[in-house]
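Colleague: Please walk me through how helix ends and helix packing are read in a model.

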Amino acid sequence: MNIYDTANKLASELKSSEEYMNYKVAKEAINLKPDLKEKIQDFEKMRYETQIEEMQTGKSDEEKMKKMQEMYANLIENEDVKKFFDAELKFNVMIADVNKIIVDAVRDVM
């Protein structure tokens, strides 16, 4: 089996995984509710901007962090949003684990 066949098999298995399927269903549920989708996008934008600012300055803005925590707390009161965030986290952990395995395998040449 060549490396491309293996990569295609991995891609197929990722798409068949419980983590992928749960994330896809949760995301589709959010997409059906434009108001929730917009609130999540606003939260994600704030989180991204906060992370960038923290990386650039080396410190976190406590006020922004508090506002972001409040936004998150309000969002997860909705069961669909909570399922979405939980599914997203599990999917991202799986992808990070797979990536780590691949990077560890070729670390000696990096």
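**Helix ends and helix packing**

Modeller: Asn 2 caps the N-terminal end of α1, with a side-chain oxygen 2.7 Å from the backbone nitrogen of Tyr 4 (a polar contact pairs N or O atoms within 3.5 Å, one able to donate a hydrogen and the other to accept it). The model is predicted, so local features need pLDDT of at least 70 and side-chain atom pairs 80 or more, while totals for chains, interfaces and linings use all residues. Residues are numbered from 1 along each chain, and side-chain values use heavy atoms, without hydrogens or water.

Colleague: Which residue caps the N-terminal end of α4?

Modeller: Asp 61 does, through a side-chain oxygen 3.0 Å from the backbone nitrogen of Glu 63. Helix α4 itself, residues 62-75, reaches 20 Å from its first C-alpha to its last, close to the 20 Å expected at 1.5 Å a residue (helices are DSSP runs of H or I, at least four residues).

Colleague: How is a packed pair, such as α3 and α5, described?

Modeller: Two packed helices are described by the angle between their axes and the distance between the axes. Helices α3 (residues 34-57) and α5 (residues 79-106) pack at about 45°, with their axes 11 Å apart, which makes α3 oblique to α5 (neither under 35, over 145, nor 65 to 115 degrees). Their contact (heavy atoms within 4.5 Å) is made by Leu 36, Ile 40, Phe 43, Glu 44 and Arg 47 of α3 and by Val 81, Phe 84, Phe 85 and Glu 88 of α5.

Colleague: What angle and distance relate α1 and α2?

Modeller: The axes of α1 (residues 3-16) and α2 (residues 18-31) come within 5 Å and cross at roughly 55°, so that α1 is oblique to α2. Leu 14, Lys 15 and Ser 16 of α1 meet Glu 18, Tyr 20 and Met 21 of α2 in that contact.

Note on methods
Axes are lines fitted to C-alpha atoms, for helices over the stretch in contact, and angles run from 0 to 180 degrees between N-to-C directions. Helices (H or I, at least four residues) and strands (E, at least two) are DSSP runs, numbered from the N terminus. The expected span of a helix is 1.5 Å times one less than its number of residues.
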